[in-house]
Amino acid sequence: ACLHGFATSLLPQVVAEFLADRPDVTMSIQTRSSARVREWIAAQQYDIGIADEFEGHSAVNHESVNIRTVCALSSRHPLASQKIIRAKDLDGLPMIIQDRQNRFYHAVKTAFDASGAVLNHRVEVRQFATACLLAEQEVGIAIVSSIDAAEYVGRGLVTRTFEPQLPFRLDILYPKYHPRSLLMQEFIAQFRESLTPFILAD
């Protein structure tokens, strides 16, 4: 069970590679909000959940991974010539932002406020993938997960290092009272490995 955006970015590749040499194994991928994913894992309906903003649950074990975020913009944008884009560079420019109820939006807003820059909300979205597509079409600039951005680079979208670096916390959830099979442990190990290029360095 996972977030909608994750089902269209890294996860399909991981699943395909995992199943490639396991012809007798079947899997089910269901996408919902983080809150629903948490409920499903707590009810032991799924073996693993991928969510964000997990706040804890007595029937759920979890591990958190800080994913590197980047500035996503059209290759035709003047700022695309810079290797590093800072909050002050984006002062007043049209921005594609996360849902204002999302923790990551508040991290971005704090970074802008700290630099004295105005965060100009042009479009508000729920998924990073949508933000990437809009940035590609020059609607605005977005700060997004490097996992999602990787799917669109080379299609008119470029990514640049954003400072200050803002982690996007990804939560991997497991049913607390359901033992993990050897097969599930193998999948978890492969999934963790797939995250390595995107993890924010300490």
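Against which strands do the buried residues of α2 pack? They pack against β1 (49-51), β2 (60-67) and β9, where contact means heavy atoms within 4.5 Å. The structure is a predicted model: local features need pLDDT of at least 70, side-chain atom pairs count only at pLDDT 80 or more, and totals for chains, interfaces and linings use all residues. Residues are numbered from 1 along each chain as its sequence is written, and side-chain values use heavy atoms, with hydrogens and water left out.

The protein has six helices and nine strands. Both are DSSP runs numbered from the N terminus: helices are H or I of at least four residues, strands E of at least two. The radius of gyration is 18 Å, in agreement with the value near 17 Å for a compact globule of 202 residues. That radius is taken over C-alpha atoms, and the globule rule is 2.2 Å times the number of residues to the power 0.38. The C-alpha trace spans about 50 × 35 × 30 Å along its principal axes.

Of the 202 residues, 44% are buried. Buried means under 20% relative accessible area, exposed over 50%, and partly exposed in between (1.4 Å probe, protein chains only). The accessible surface comes to about 10,300 Å². Carbon and sulfur atoms contribute 49% of that surface. Areas come from the Shrake-Rupley method with a 1.4 Å probe. Among contacts with a separation of 6 or more, 76% join residues 24 or more positions apart.

Helix α2 covers residues 34-42. Its buried residues are S34, V37, W40, I41 and A42. An α-helix has 3.6 residues a turn, so residues three or four places apart point the same way. After α2 comes Q44, with a positive phi near 60°. Q44 is not a glycine. It sits in the loop between α2 and β1. Q44 counts as partly exposed because its relative accessibility is 38%.

E138 also has a positive phi without being a glycine; the value is near 65°. Its loop runs between α4 (128-136) and β7 (141-145). With 47% relative accessibility, E138 counts as partly exposed.

Strand β5 spans residues 94-98 and contains I97. I97 is buried, at a relative accessible area of 4%. Leaving aside residues up to four places away in sequence, I97 touches Y105, L119, H121, V123, E124 and V125. Q127 is 30 residues from I97 along the chain, yet the two C-alpha atoms are separated by 9.5 Å. Q98 is in β5 as well. Its relative accessible area is 7%, so Q98 is buried. With the same sequence neighbours excluded, Q98 touches F104, Y105, E124, V125, R126, Q127 and F128.

A search of the whole structure finds six aromatic pairs. Rings of Phe, Tyr and Trp (its six-membered ring) pair if their centres lie within 6.5 Å; planes under 30 degrees apart count as stacked, over 60 as edge-to-face and the rest as tilted. One of the pairs is F18 with F187, edge-to-face at 5.1 Å centre to centre and 80° between the planes. This pair links distant parts of the chain: F18 lies in helix α1 (residues 11-20) and F187 in helix α6 (residues 182-195), 169 residues apart. Both F18 and F187 are buried. F104 and F168 form another edge-to-face pair, with 6.0 Å between centres and 90° between planes. Here helix α3 (residues 103-115) supplies F104 and strand β9 (residues 168-175) supplies F168, 64 residues apart. F104 counts as buried at 4% relative accessibility. F168 counts as buried at 9%. F104, F128 and F168 form one aromatic cluster.

E163 lies in strand β8 (residues 157-163). With 31% relative accessibility, E163 counts as partly exposed. Beyond residues up to four places away in sequence, E163 touches I84, I85, R86 and A87. Between E163 and A111 the C-alpha distance is 8.6 Å, across 52 residues of sequence. A cis peptide bond joins E163 to P164, with omega about 5°. P164 belongs to the loop between β8 and β9.
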